[in-house]
Amino acid sequence: MENCVFCRIANKEQEAKMLFENSELYVVRDILPKAPVHFLVVTKEHIPSVHQLEARHAKLISDMFLVAKNMANQEGIGERGYKIVFNVGKEGGQTIPHLHMHVLGGKQMSEQ
């Protein structure tokens, strides 16, 4: 998707400091953090949201959670706890229509 910021980052058309990258995923810090530690696990494949996931994406989603866990440990929040959030669609708070997982920690997180 030509106008998608996450696709442009994945294709190296837009600069971003990668915390992690492999052939399927990358991790960057959120530019508007809601917690002391707030990073995004982003798919390189353009999938608009969780709502468009298919059975063929099962390993990709599993890998997203494993990367999130490993990055939480690397960022020092693994043992203390963290929140994982997927925003789905406009009413779900999704502002960029490209599948990504928010990982937040470093403070006591609320239930919402």
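Two strands are said to pair if DSSP finds at least two bridges between them. The exercises below apply this criterion, and others, to a predicted model.

**Exercise 1. Establish the order of strands in the open sheet and identify which strands stand at the edges.**

Step 1. Begin with strand E1 (20–21), which is joined to E2 by 2 bridges and runs antiparallel to E2. Glu21 stands opposite Tyr26 in E2, and a hairpin of 3 residues connects the two strands.

Step 2. Continue from E2 to E3, where 5 bridges give an antiparallel pair. Here Val27 stands opposite Val41 in E3.

Step 3. Strand E3 (residues 37–43) is in turn joined to E5 by 6 bridges, again antiparallel. Within this pair, His38 has Leu104 of E5 as its bridge partner.

Step 4. Finally, E4 pairs with E5 over 4 bridges in the antiparallel sense. Lys83 stands opposite Leu104 in E5, and Val85 stands opposite His102.

Step 5. Assembling the pairs gives an open sheet of 5 strands in the order E1-E2-E3-E5-E4. E1 and E4 each have a single partner strand, so they stand at the edges and one side of each lacks a neighbour in the sheet.

**Exercise 2. Determine whether the two faces of E5 are covered or not.**

Step 1. In a regular strand, side chains alternate between the two faces of the sheet.

Step 2. On one side of E5 lie His100, His102 and Leu104, and on the other lie Met101, Val103 and Gly105.

Step 3. These residues are all buried, and both faces are therefore covered, burial being defined as under 20% relative accessible area. The count for the strand is 6 of 6 residues buried. For E2, the corresponding count is 4 of 5.

**Exercise 3. Describe the largest nonpolar core and state which element gives the most to it.**

Step 1. The largest nonpolar core holds 18 residues, of which Val27, Phe39, Val41, Met64 and Val103 touch the most other members.

Step 2. Strand E2 (25–29), E3, H2 and E5 each supply at least two residues of this core. H2 gives the most, with 7 residues.

Step 3. Another core, of 9 residues, lies apart from this one and includes Cys4, Phe6, Cys7 and Leu40.

Step 4. The placement of H2 is described relative to the sheet: the helix lies across E1, E2, E3, E4 and E5 and runs at about 155 degrees to E3.

Step 5. Take Met64 as a single example. Leaving aside neighbours within four places in sequence, Met64 is in contact with Leu25, Val41, Thr43, Phe86, Leu99, His100 and Met101.

**Exercise 4. Classify the aromatic pair and locate its two members in the chain.**

Step 1. A search of the whole structure finds 1 aromatic pair.

Step 2. The ring centres of Phe65 and Phe86 are 6.1 Å apart and the planes meet at 55 degrees, so the pair is tilted.

Step 3. Phe65 belongs to helix H2 (residues 58–74) and Phe86 to the loop between E4 and E5; with their positions 21 residues apart in sequence numbering, the pair links distant parts of the chain.

Step 4. Phe65 counts as partly exposed because its relative accessibility is 38%. Phe86, at 25%, likewise counts as partly exposed.

**Exercise 5. Decide whether Cys4 and Cys7 are bonded or unbonded, and buried or exposed.**

Step 1. The whole structure contains 0 disulfides by the search applied. Cys4 is in none, and the nearest cysteine sulfur, that of Cys7, is 3.7 Å away.

Step 2. A disulfide requires sulfur atoms within 2.5 Å. The 3.7 Å between the sulfur of Cys7 and that of Cys4 is therefore too far for a bond.

Step 3. Cys4 is buried because its relative accessibility is 8%. Cys7, at 6%, is also buried.

**Exercise 6. Place Glu91 in the chain and state whether this residue is buried or exposed.**

Step 1. Glu91 is found in the loop between strand E4 (82–85) and strand E5 (100–105).

Step 2. Its relative accessibility is 86%, so Glu91 counts as exposed.

Step 3. Glu91 and Gln108 are separated by 17 residues in sequence and by 25 Å in space, C-alpha to C-alpha.

Key
Residues are numbered from 1 along each chain as its sequence is written. This is a predicted model: local features need pLDDT of at least 70, side-chain atom pairs count only at pLDDT 80 or more; totals for chains, interfaces and linings use all residues. Side-chain values use heavy atoms; hydrogens and water are left out. Buried means under 20% relative accessible area, exposed over 50%, partly exposed in between (1.4 Å probe, protein chains only). Rings of Phe, Tyr and Trp (its six-membered ring) pair if their centres lie within 6.5 Å; planes under 30 degrees apart count as stacked, over 60 as edge-to-face and the rest as tilted. A nonpolar core is a set of buried Ala, Val, Leu, Ile, Met, Phe, Trp, Tyr and Cys residues joined through side-chain atoms within 4.5 Å. Contact means heavy atoms within 4.5 Å. Axes are lines fitted to C-alpha atoms, for helices over the stretch in contact, and angles run from 0 to 180 degrees between N-to-C directions.
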